[in-house]
Amino acid sequence: MRRVFGSVAVFLTAMLAVSACGGEDPLAGGGTTTATASGSPGGGKAIVGSFNFPESVLLGSIYAQALTAKGVKVEEKANIGSREVVYNQIKGGGLTVLPEYNGALLAYLDPKATAATTEEVNSALATKLPPELTLLESSPAEDKDSLTVTKETAQKHSLTSIEDLAKVAKDMAVGGPPEFKERRQKQFKDVYGLEFKEWKPTGAATADAIKEGTVQAGNVFTTDPKIIINQMVALEDPKNVFGAQNVTPLVNKSAQSDTITSTLNAVSAKLTTEGLTQMMQKISVNKDEEAVVAAEWLKQNGLL
């Protein structure tokens with residue numbers, strides 16, 4: 001699961017822990033941007049951070065611009081680093097707002113957690129988060145694993161969910177990262193009764209392999225723009241083999257205000273997986289800037 005970030009060197013964490021107490025983030029480099037607004041009485045202040053990948057930078061920009069529009073004085077620190085680094089910063093107060101993925105955050109705090117649905121994951125997080133932090137409302141938008149097929153395959157076999165694959169999986173090759181078979185083969189069989197003809201390690205080229213017919217189904221993330229570009233179908237997962245990964249604001253309580261809470265909850269209410277995928281298409285395919293795409297989305301949804 002890509003949102004559970006790998007370990008970083010100890011000295012790196014130490015450097016960022018120091019930066020969380022004040023001053024510039026030594027790792028942010030050219031990726032760090034600062035946006036400020038004069039603010040209105042009661043608007044409050046926020047330091048909005050993001051992880052070091054484009055989707056998180058986009059979400060951070062959405063949060064920052066939405067808050068600025070509501071009179072919050074905002075400083076934005078974009079593209080900081082992995083979860084190990086960023087989590088320590090928001091816990092320490094060096095950041096106060098962060099777009100998170102609830103399932104990945106739970107896995108980071110409790111690697112043995114078994115919660116799967118949005119409600120289960122958020123309930124578990126409520127018991128695992130330190131007293132300094134709180135979650136706001138989760139959005140319907142998820143960047144999570146999926147089993148994806150072409151539109152033609154879905155129509156030919158009447159596929160809408162992973163459950164529907166049980167009748168045809170024996171004739172299909174399935175693709176994914178090298179560890180996909182080891183992690184999921186037994187689970188798919190136990191939960192959905194799936195037994196694929198062949199498992200192929202297609203890695204980052206899984207969506208291309210599906211399009212080309214090298215495999216008939218594959219593990220593609222739900223906000224991968226290739227799903228839209230190639231008119232693919234991410235099959236529903238009614239039994240939650242792939243746990244929830246809802247985009248959810250994580251906030252340091254020291255900076256929480258009614259304005260910040262209501263503004264970010266309003267963003268969450270509008271953010272969908274389809275909308276996030278469309279925005280990522282503009283960034284990864286059209287090469288549009290994250291801040292520009294964020295502003296367009298906010299305006300389209302009456303939030304800017």
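Contact here means heavy atoms within 4.5 Å. The structure on display is a predicted model, and the tour below proceeds by selection.

**Thr263 and its neighbours**

Begin by selecting Thr263, which is placed in helix 10. With a relative accessible area of 7%, Thr263 is buried, because the cut-off for burial is under 20%. Display the residues around Thr263: leaving aside those up to four places away in sequence, Thr263 touches Ala66, Leu67 and Lys70.

**Helix 2 against helix 10**

Next, select residues 54–69, which form helix 2, together with residues 258–270, which form helix 10. Two packed helices are described by the angle between their axes and the distance between the axes. For this pair the axes come within 10 Å and cross at roughly 130°; helix 2 and helix 10 are therefore oblique to each other. Their crossing is right-handed.

Show the side chains at the junction. From helix 2, the participants are Ile62, Tyr63, Ala66 and Leu67, and they meet Ile260, Thr263, Leu264 and Val267 of helix 10. Classified by residue type, this contact has 7 nonpolar residues, 1 polar residue and no charged ones.

**Helix 2 against helix 11**

Keep helix 2 selected and add residues 273–284, helix 11. These two helices pack at an angle of about 110°, and their axes are 11 Å apart. Helix 2 and helix 11 are therefore roughly perpendicular to each other, and this crossing is likewise described as right-handed.

On the helix 2 side, select Pro54, Glu55, Leu58, Leu59 and Ile62; the residues they meet in helix 11 are Leu276, Met279, Met280 and Ile283. By class, the contact of helix 2 with helix 11 comprises 8 nonpolar residues, no polar residues and 1 charged residue.

**The nonpolar cores**

Which residues have the most contacts inside the largest nonpolar core? They are Leu58 and Ile62, in a core of 50 residues. Helix 2 gives the most to this core, contributing 7 residues.

Centre the view on Ile62. Residues up to four places away in sequence not being counted, Ile62 touches Val267, Met279, Ala294, Trp297 and Leu298. Apart from the largest core lies another, of 20 residues; Ala154, Met172, Ala217 and Phe242 are among them.

**Helix 12**

Now select residues 290–300, helix 12, and colour its buried residues: Glu290, Val293, Ala294, Ala295, Trp297 and Leu298. The elements that cover these buried residues include helix 2, helix 10 and helix 11. Just after helix 12, select Gly302, which takes a positive phi of about 65°.

**Helix 3**

Move to residues 83–92, helix 3, which is mostly covered, with 7 of its 10 residues buried. Which residues of helix 3 are buried? Arg83, Glu84, Val85, Val86, Tyr87, Gln89 and Ile90 are the ones to highlight. Just after helix 3 stands Gly93, where phi is positive, at about 95°.

**Strand 2**

For the last stop, select residues 73–77, strand 2, and within this strand Glu75. Is Glu75 buried or partly exposed? Glu75 is partly exposed, its relative accessible area being 30%. Finally, add Lys45 to the selection: Glu75 and Lys45 are 30 residues apart along the chain, and their C-alpha atoms are separated by 8.1 Å.

Methods
Residues numbered from 1 in each chain as written. Predicted model: local features only at pLDDT ≥ 70, side-chain atom pairs only at ≥ 80, totals over all residues. Heavy atoms only, no water. Axes fitted to C-alpha atoms, helices over the stretch in contact; angles between N-to-C directions. Helix = DSSP H or I, 4+ residues; strand = E, 2+ residues; numbered from the N terminus. Parallel < 35°, antiparallel > 145°, perpendicular 65-115°, else oblique. Left-handed = near helix turned anticlockwise from the far one by under 90°. Nonpolar A, V, L, I, M, F, W, Y, C, P; charged D, E, K, R; others polar. Buried < 20%, exposed > 50% of the residue type's maximum accessible area, 1.4 Å probe, protein only. Core = buried A, V, L, I, M, F, W, Y, C linked by side-chain atoms within 4.5 Å.
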